[in-house]
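Me: Please justify the structural terms applied to the model shown below.

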Amino acid sequence: MTDDQTADLRFYLGLALRLAVLIAVLLGAVHLSAQVKDALGFEVMPHNEALMHKMILLGLLSYVLITALPFVPGAEIGMTLLTVFGAQMAPFIYLATILSLTLAYSVGRLVPLDAAARTLRALRIMRIAEFLEQLCAIDRKDRPDMLIAMTGQPALRRLARHRYVALAVLINVPGNAVIGGGGGLAFAAGMSGVFSVPAFLLTVAIAVLPVPLAIFAFGA
């Protein structure tokens, strides 16, 4: 085996190992979500009130952390909390959702675009890596104009111009886990540098309001 072949073999083995770790983390998070959901499914009785309070705190904490992870569905925990404890949980679920997406957004802001581009190049995802490199080379305030200029389709161009509206819509699209889920979308928004903190918080606060508000007003 030549040196080049050995280097290629090491690269692909390392790539396979990183992907395996990533898949294991995601599967573990999904399994944890299911375990928390099952643990919450107990009957509320006067004698287990202390346990109920602990389970509420555990459920909310798990909901915040799991929902913040890209590609991991955490909404089931929120719906289970609402089902078990009633509509009075809706305000807490609303605040926990905002906290979760803000956590993912904040982590995204801490990830350098050049580091993300290098990682994607190592994974041979060249088109996205090249896009991030172009984005990284442009001043943060000029990035929205660049995104609009790079968008060829008129519909996508309109979405790029109204990126906060687009983010709110994507957060509420059923099945958005295939594009990262709420956590993945918030993470990408933070990493892109084109979503300001105040506007992001306002967008998220409005986007996640309808369902908790409806449940709180009309019952679970």
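The exchange below sets computed values against their definitions.

Reply: This is a predicted model, in which local features need pLDDT of at least 70 and side-chain atom pairs count only at pLDDT 80 or more, while totals for chains, interfaces and linings use all residues. Residues are numbered from 1 along each chain as its sequence is written, and side-chain values use heavy atoms, with hydrogens and water left out.

Me: What makes the secondary structure of the chain twelve helices and zero strands?
Reply: Helices are DSSP runs of H or I with at least four residues, strands are runs of E with at least two, and both are numbered from the N terminus. The chain has twelve of the former and zero of the latter.

Me: How do you know which residues of helix α4 and helix α10 make the contact?
Reply: Contact means heavy atoms within 4.5 Å. The axes of α4 (residues 90–110) and α10 (residues 181–192), lines fitted to C-alpha atoms over the stretch in contact, with angles from 0 to 180 degrees between N-to-C directions, come within 6 Å and cross at roughly 35°. Among the residues in contact are L101 and Y105 of α4 and F187 and M191 of α10.

Me: Why are L113, A116, A117 and L120 placed on the same side of α5?
Reply: In α5 (residues 113–122) these four are buried, that is, under 20% relative accessible area with a 1.4 Å probe, protein chains only. The arc is that of the directions from the helix axis to the C-beta atoms. Because L113, A116, A117 and L120 cover an arc of only 100°, they lie on the same side of α5. Just after α5, R124 takes a positive phi of about 65°.

Me: What share of the residues in the chain is buried?
Reply: Buried residues make up 37% of the 220 residues.

How values were computed
Buried means under 20% relative accessible area, exposed over 50%, partly exposed in between (1.4 Å probe, protein chains only).
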